[in-house]
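Q: Please take a close look at one residue in this model and follow its surroundings outwards, step by step, until its place in the whole chain is clear. I would like the cut-offs stated as you go.

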Amino acid sequence: MAAELTAHHRRLAQQKREAITSAATELFLDRGYDGTSLARIAEAAGVSKSTLFKQFPTKAALFEAIVTESWQRDAGDTAARPQTGDLRSGLTAIGHRYADLIGQPRMAGLFRIVIAELPRFPELGRVQFQLGKLPYFASVQHYLESEHEAGNADVPDAESAANQFLGMIANYVLWPRMLLTGWNPAASDIHNAVEEAVRTMLARYTPAPPA
C-alpha cells in the first residue's frame, strides 16, 4: 500500500512538473522571459506557488529544466548511441531521432525564446548550448569516434563530422521553421532529408577498400 501511494505521488509530481514547464514555455514565448513571473506560471499551470517553488526555486532553474527536458524528450538518454559496427545503420538511427527531436514545436519555441531574449539575458544562450545542444552533439561525436576506432569509418575529426551531419538535418527540419511560420514539411520529405544526409556522410567517411 505504501509503495502504491509513493508511486501515485511520483506520478502526480511528474504531471505537475510537466504542467509547469509547458505553461512556462508558452508564457516565455508570449510575454518574454523577463515579463513572466513565477506566480503567473503557477497560475497558468494550475498549481500552487508553493508547489512551483518546491520544484523550481528560481526562474533560471525552471528554464534549465525546460532546456534539459526539451533535448531529451522522445529521444531517450542523449548519452545513448547505436552499437558500433554498422555506420549506415547507426547514422540512420541517429538522424531520424534527431529529426524527430528538433521537429517538435516545443524545440522551435525554445530556440525562439533564447534568440529573442539573448541581448538582455545572455545566460539563456549559455544554458541552451551547455545543457541541451552540446551534450547531444557530444553523444554523436562519441559514436563517430567509436566507429573510427573500430575501423568502420575514416573520421579523423569526429567533432566536425558530427556538426556536418546534424547540421544537414537541422538546415531542413529546424531553421526554416524559425523564419517561415508555415514551414511544415511532410514526413516523407523529412525522411528523405535524413537519408540524403546519411548518404553524404557515407560517401565522405566510409574507409577506402584495401589496395
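A: **One residue and its surroundings**

Leaving out residues up to four places away in sequence, Ile 66 touches Thr 21, Ala 24, Thr 25, Phe 28, Arg 106 and Leu 110, where a contact means heavy atoms within 4.5 Å. The model is a predicted one, in which local features need pLDDT of at least 70 and side-chain atom pairs count only at pLDDT 80 or more, while totals for chains, interfaces and linings use all residues. Residues are numbered from 1 along each chain as its sequence is written, and side-chain values use heavy atoms, with hydrogens and water left out.

Ile 66 sits in helix 4, helices here being DSSP runs of H or I with at least four residues, and strands runs of E with at least two, numbered from the N terminus. With a relative accessible area of 2%, Ile 66 is buried; the term covers residues under 20%, with exposed meaning over 50% and partly exposed in between, for a 1.4 Å probe and protein chains only. One of its partners, Thr 21, is 45 residues away along the chain, yet the C-alpha atoms of Ile 66 and Thr 21 are separated by 5.9 Å.

Thr 21 also serves as a reference point for Ala 45, since the C-alpha atoms of Ala 45 and Thr 21 lie 8.3 Å apart in space and the residues 24 apart in sequence. Ala 45 belongs to helix 2 and is buried as well, with a relative accessible area of 15%. Apart from its neighbours within four places in sequence, Ala 45 is in contact with Ala 19, Ile 20 and Ala 23.

From here the view can widen to the nonpolar packing. In soluble globular proteins, nonpolar side chains tend to be buried together. The largest nonpolar core of this model holds 59 residues, with Phe 63 and Leu 144 having the most contacts inside it; such a core is a set of buried Ala, Val, Leu, Ile, Met, Phe, Trp, Tyr and Cys residues joined through side-chain atoms within 4.5 Å. Two or more residues come from each of helix 1 (2-31), helix 2 (38-45), helix 4 (59-72), helix 5 (87-102), helix 6 (105-117), helix 7 (122-149), helix 8 (158-173) and helix 10 (187-205), and helix 8 gives the most, with eight residues. Because domain 1 (1-57) and domain 2 (71-205) both give residues to this core, it lies between them. For Leu 144, the contacts beyond four places in sequence are with Leu 87, Leu 91, Val 155, Ala 158, Ala 161, Ala 162 and Met 201.

The domain bounds come from an automatic or database domain assignment, which divides the chain into domain 1 (1-57) and domain 2 (71-205). The C-alpha centres of the two domains are 29 Å apart, and seven residues of domain 1 are in contact with eight residues of domain 2.

Seen as a whole, the chain has 10 helices and zero strands, and its C-alpha trace spans about 70 × 50 × 30 Å along the principal axes. Of the 211 residues in the chain, 42% are buried, as Ile 66 and Ala 45 are. Among contacts in the chain with a separation of 6 or more, 71% join residues 24 or more positions apart, and the pairing of Ile 66 with Thr 21, 45 residues apart along the chain, gives one example of such a link.
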